[in-house]
Amino acid sequence: AEVLPLPEKTRIFTIANQKGGVGKTTTTVNLAAALAKNGARVLVIDLDPQGNSSTALGIDHRSETISVYDVIVNDVPMADVIKKSPEPGELYCLPATIHLAGAEIELVSLVAREQRLRSALETFLAESSDPFHYVFVDCPPSLGLLTINAFVAADEVLIPIQCEYYALEGLSQLLSNIKLIEKHLNPRLTVSTILLTMYDSRTNLSNQVADDVRAHFPDQVLNTPIPRSVRISEAPSFGLSVISYDTNSPGSISYLEAAAEIARRGAPAATKAS
Ligand code: ADP
Ligand code: MG
């Protein structure tokens with residue numbers, strides 16, 4: 001099998017789309033698992049109070065669990081909160097609990113409220129003895145302070161786009177918000193990657209959405225779309241990625257291929273070196 005290149009510098013992605021149910025969490029978990037399976041050391045930061053990516057990675061996130069909430073609101077070091085996923089490889093998760101729902105409001109009165117995640121992550125990565133190759137931040141479906149924290153902590157944005165009606169609705173708002181963040185809070189931020197999800201090659205609609213998105217974002221869209229697949233939606237209830245749950249299923253194969261594309265492309269040249 002092909003050996004994927006590992007980045008020299010940690011690549012930090014935010015998986016964003018203010019629409020719910022477009023495949024943010026599914027994409028976060030499965031790309032992370034795919035890269036870890038290929039030898040990368042990967043951290044998933046669950047920034048959604050629902051804690052779906054924690055669940056899918058087999059990580060406990062009952063309300064009494066110490067979580068990303070304690071990191072961003074109470075300055076608890078990330079190293080004390082991160083747990084190793086039972087998935088194969090070096091895959092770690094910073095879990096979310098329902099307390100994170102309150103953080104959206106609590107953050108308002110905190111110093112450097114937009115930079116909390118970034119500072120915590122920078123300290124963690126600097127002090128970590130084994131370097132991480134990838135960090136993925138799974139965002140809630142909103143453009144509040146949690147998502148802003150994710151944009152400020154990241155260098156790259158990955159936008160999953162569902163190949164269905166209204167797929168492009170809200171996309172221009174998302175892109176203009178990202179521009180604002182780039183201008184005022186994080187000049188390094190680049191929309192490097194767009195992934196087509198829930199693609200059904202048999203429908204005209206899916207093909208039309210895919211063509212539209214490729215025409216608008218020729219450099220960002222990955223060649224591999226993720227098909228709509230029941231195996232993908234079943235895997236989280238077993239606390240597994242689809243790659244562990246059913247390695248040879250089309251969903252697993254396409255996430256492995258999408259991850260390989262991301263690895264081969266490397267960080268975008270436009271990532272303004274800091
Ligand atoms: P988001 O995080 O954007 O809200 P999710 O990743 O939770 O979206 O996906 C929404 C729902 O769609 C979940 O039930 C998930 O299992 C399902 N799903 C995601 N991707 C696929 C896919 N490719 N095929 C089938 N179901 C999918
Ligand atoms: Mg989600």
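Start with the largest nonpolar core of this predicted model. This core has 80 residues. Select Ala32, Leu35, Val137 and Ala150: these have the most contacts inside the core. Next, select residues 24-37, which form helix α1. Helix α1 gives the most to this core, with seven residues. In soluble globular proteins, nonpolar side chains tend to be buried together.

Now center the view on Ala150. Which residues does Ala150 touch, leaving aside those up to four places away in sequence? Show Thr14, Ala16, Leu47, Leu117, Val137 and Cys139. Val137 is also among the core residues with the most contacts.

Move to strand β4, residues 90-94. Four of its five residues are buried, so β4 is largely enclosed by the rest of the structure.

Now look at the partners of β4. Add strand β2, residues 41-46. β2 and β4 run parallel and pair over five bridges. Find Leu43, which stands opposite Tyr92 in β4.

Then add strand β3, residues 83-84. β3 pairs with β4 in the antiparallel sense, over two bridges. Here Lys84 stands opposite Tyr92. Keep Tyr92 selected: Leu43 faces it in one pairing, and Lys84 in the other.

Follow the chain from β3 to β4. The two strands form a hairpin, with five residues between them. Stop at Gly89 in the turn, where phi is positive, about 90°.

Finally, select residues 11-190. An unreviewed UniProt entry places the feature "domain: AAA" there. The span is 38% helix and 17% strand. Mark the C-alpha atoms at its two ends: they lie 12 Å apart.

Note on methods. Residues numbered from 1 in each chain as written. Chains lettered and ligands numbered in written order. Predicted model: local features only at pLDDT ≥ 70, side-chain atom pairs only at ≥ 80, totals over all residues. UniProt positions renumbered as here; feature names shortened; annotations may be inferred. Buried ≥ 20, exposed ≤ 12 C-beta atoms within 10 Å, placed from the backbone. Pairing = 2+ DSSP bridges. Core = buried A, V, L, I, M, F, W, Y, C linked by C-beta atoms within 7 Å. Contact = placed C-beta atoms within 7 Å.
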